[in-house]
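Trainee: I am new to this structure, and I would like a close look at a single part of it, the surroundings of the ligand. Please go slowly, and then connect that part to the rest of the protein.

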Amino acid sequence: MGRLIETEQGFGGFNGMFTLAEMDRGSNAYCEIFRDTTGKPLVQIAADILREKGQLRVLDAGCGTGRAIYTLREDVARQTGLPQAAIDVTGINDVDYRGKSKMVEVRRAAASGSLRYIVQDLDIADLSADHYDLITSVEVLIYNGYEKAARIVHKLTSAMAPGGKMFMTLKSRQKQHLESYMRTLQSNGFKLFERSIPPFDRVAVMVEKPAVRQEQV
Ligand SMILES: C[S@@+](CC[C@H](N)C(=O)[O-])C[C@H]1O[C@@H](n2cnc3c(N)ncnc32)[C@H](O)[C@@H]1O
């Protein structure tokens, strides 16, 4: 587990130094980064899954304060008219930033446990296979070395439910490092889309797992 260090520059753990603005983003910020090939933003994609399945299981891998999943749950419930209870959200973060959100509701939800917030390094997290309909990982893997980031991507891919979607940001060199794994995924029926995010050295990658379970990779 990481250690929280608060300095004048920002908040830091073993993986880097962040300002509050970089770890307390809401679902609107995630929607600016993540759209599908038709331009549909993340919240609408999540709403579609919920309407289709009647439930939605979301994992935010590297959730910062937990604000994005808190607001995603609210937005999706509002858009669909379905109860928040149908939306199960989990955030995992290696450093405990629960009390740090600017939104008092997020702080309260994380403290009370109504927002499931697990303090753990993703590299050692024990995730159920084939479980999550939606996984997000925004500006997280970039703070991890090539091999560790690759292990985490494997783990997250395995945790996706059949038909589930994962959105993550990577550095372009990390993406290159994962090229052969990505090709294996494609040959196993996964769909992959990517978009570079100028002016940064970032690639937003979307992975869609086949609805019918195929050979595990
Ligand atoms: C720049 S912040 C982004 C937070 C949030 N995703 C957002 O966009 O607002 C990066 C976060 O990833 C977490 N992180 C980085 N590597 C991690 C790892 N291996 N396991 C768990 N959390 C990690 C950091 O503690 C930090 O909270």
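**The shell around the ligand and its setting**

Mentor: Sorted by class, the shell around the ligand is made up of 11 nonpolar, six polar and six charged residues, and please keep in mind throughout that the model we are reading is a predicted one. Altogether 23 residues surround the ligand, and the closest of them are R25, G62, G64, D94 and L122. If you would rather think in terms of secondary structure, α1, which covers residues 20-23, and β5, which covers residues 87-93, each contribute at least two residues to this shell.

To place the shell in its setting, let us step back to the whole chain. The protein has eight helices and 10 strands as its secondary structure. Its radius of gyration is 16 Å, which is close to the 17 Å that the globule rule gives for 217 residues, so the protein is as compact as a globular protein of that length. Measured out along the principal axes, the C-alpha trace spans about 45 × 40 × 35 Å. Of the 217 residues, 39% are buried, and among contacts with a separation of 6 or more, 73% join residues that are 24 or more positions apart.

From there we can turn to the interior. The largest nonpolar core holds 48 residues, of which A46, V58 and I135 touch the most other members. Helix α3, residues 42-53, supplies the largest share of this core, namely seven residues. I135 is a useful residue to follow on the screen: leaving aside residues up to four places away in sequence, I135 touches L59, A61, L156, A159, M160 and M166.

Finally, helix α5 shows in detail how one element can have two sides. In α5, which runs over residues 104-112, the buried residues are V106, A109 and A110. Viewed down the axis of α5, these buried residues fall within an arc of 95°, so they line one face of the helix. They pack against α4, residues 67-80, and against β6, residues 116-119, while V104, A111 and S112, on the other side of α5, are exposed. Just after α5 comes G113, which takes a positive phi of about 90°.

Conventions. Residues are numbered from 1 along each chain as its sequence is written. This is a predicted model: local features need pLDDT of at least 70, side-chain atom pairs count only at pLDDT 80 or more; totals for chains, interfaces and linings use all residues. A residue is buried if 20 or more other C-beta atoms lie within 10 Å of its own, exposed if 12 or fewer, and partly exposed in between; C-beta atoms are placed from the backbone. Helices (H or I, at least four residues) and strands (E, at least two) are DSSP runs, numbered from the N terminus. The arc is that of the directions from the helix axis to the C-beta atoms. Two residues are in contact if their C-beta atoms, placed from the backbone, lie within 7 Å. A residue is near a molecule or strand if its C-beta atom, placed from the backbone, lies within 6 Å of it. Ala, Val, Leu, Ile, Met, Phe, Trp, Tyr, Cys and Pro count as nonpolar, Asp, Glu, Lys and Arg as charged, and the others, Gly among them, as polar. A nonpolar core is a set of buried Ala, Val, Leu, Ile, Met, Phe, Trp, Tyr and Cys residues joined through C-beta atoms within 7 Å. The radius of gyration is taken over C-alpha atoms; the globule rule is 2.2 Å times the number of residues to the power 0.38.
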